[in-house]
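Me: I would like a close look at a single part of this structure. Please start from one pair of residues and work outwards, and explain each term when it comes up.

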Amino acid sequence: MTDLSRRRFLKASGVAATAGAALMGTGFANAQEPSPPGATTLPYPREGIAKAGGLKVDVPMPFNYPDPESFCQIIKTGRPVPGGVGPDGDIVAFSTQCTHNGCPLSYDKVARTFKCGCHFSIFDPEMRGQMVDGQATENLPRILLEHDTKDDTLYAVAVEGLIYGRQCNLL
Ligand code: FES
């Protein structure tokens, strides 16, 4: 190595070392470390919405979750269903904004389905909110429930699926 190239090398090394020390002082040196798990997500609220013993078969009860702008219904189907909770495993809940264009859904007791009056999509609450007909291409978002056997309270604890019109369920 010639004197000139050695001088250039030492000069460049010094610049790099100085820059590294400066970055460590500002905290940028740690920028490559991973974020703590869950740092960018918000927890869903745990909200009591009904008593299991107070629900009647095929009579849905409206509630709002995870915030007042999100319309949902809880329903007792009268027979065990996938994802059902409560003493009989027959209680489920869903967002009742149609996944096509957000129209409100109504429950049809005869067909035992949620129906949309706008473009006639149909969803099956006994099959985890599966879309069975119509313009919608997504199933209904499920409201995940927990049943407290001590006092018979049903709690909404999370949403599975994206509520219509939102980029995130929690606003
Ligand atoms: S808004 Fe429900 S089918 Fe179009």
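Reply:
**An open sheet and its surroundings**

L105 stands opposite C116 in β6. The model is predicted: local features need pLDDT of at least 70, side-chain atom pairs count only at pLDDT 80 or more, and totals for chains, interfaces and linings use all residues. Residues are numbered from 1 along each chain as its sequence is written, and side-chain values use heavy atoms, with hydrogens and water left out.

β5 and strand β6 (residues 113-116) run antiparallel and are joined by 4 bridges. Two strands count as paired if DSSP finds at least two bridges between them. Helices (H or I, at least four residues) and strands (E, at least two) are DSSP runs, numbered from the N terminus. In general, strands of a sheet pair through backbone hydrogen bonds, either parallel or antiparallel.

The pair belongs to an open sheet of 4 strands in the order β5-β6-β7-β8, with antiparallel pairing. The edges are β5 (105-108) and β8 (130-133); each has a single partner strand, so one side of each is left without a neighbour in the sheet. On average, neighbouring strands of this sheet are turned by 35° against each other, direction ignored. Such angles are taken between axes, which are lines fitted to C-alpha atoms (for helices over the stretch in contact), and run from 0 to 180 degrees between N-to-C directions.

What does the rest of the protein chain contain? There are 1 helix and 10 strands, and the order from the N terminus is α-β-β-β-β-β-β-β-β-β-β. Of its 171 residues, 35% count as buried. Buried means under 20% relative accessible area, exposed over 50%, and partly exposed in between (1.4 Å probe, protein chains only).

Next come the nonpolar cores. A nonpolar core is a set of buried Ala, Val, Leu, Ile, Met, Phe, Trp, Tyr and Cys residues joined through side-chain atoms within 4.5 Å. The largest has 17 residues, and F63, I74, I91, I143, L145 and L154 touch the most other members. Two or more residues each come from β1 (47-51), β3 (71-76), β4 (91-95), β9 (142-148) and β10 (153-160). β10 supplies the largest share, 3 residues. Apart from this core lies another, of 13 residues, and L105 is among them, along with C98, C103 and L140.

L105 also leads to S95, which is found in strand β4. Contact means heavy atoms within 4.5 Å. Leaving out residues up to four places away in sequence, S95 touches F71, C72, L105, L140, P141, I143 and I163. S95 counts as buried because its relative accessibility is 0%. A polar atom of the S95 side chain lies 3.4 Å from the backbone nitrogen of Q97. A polar contact is a pair of N or O atoms within 3.5 Å; within protein, one must be able to donate a hydrogen and the other to accept it, and residues adjacent in sequence count only if both atoms are side-chain atoms.

One of the contacts of S95, I143, is also among the six residues named above for the largest core. L145, another of those six, touches I49, I74, V85, I91, V92, A93, Y155, A156 and V157, again not counting residues up to four places away.

Charged side chains add further links. A salt bridge is a side-chain nitrogen of Lys or Arg within 4 Å of a carboxyl oxygen of Asp or Glu; by this rule there are 9. E146 and R46 meet in one, at 2.3 Å from N to O. E146 is in strand β9 and R46 in the loop between α1 (3-26) and β1, 100 residues apart. E146 is partly exposed, with a relative accessible area of 37%, and R46 is partly exposed at 47%.

D90 and K76 form a salt bridge with their closest N and O atoms 2.9 Å apart. D90 lies in the loop between β3 and β4 and K76 in strand β3, so the pair ties together parts that are 14 residues apart in sequence. Both D90 and K76 are buried.

E160 and R142 meet at 3.1 Å, N to O; E160 is in strand β10 and R142 in strand β9, 18 residues apart. E160 is partly exposed at 41%, whereas R142 counts as buried at 9%. Finally, D58, R79, R112 and E126 are linked in a network of salt bridges.
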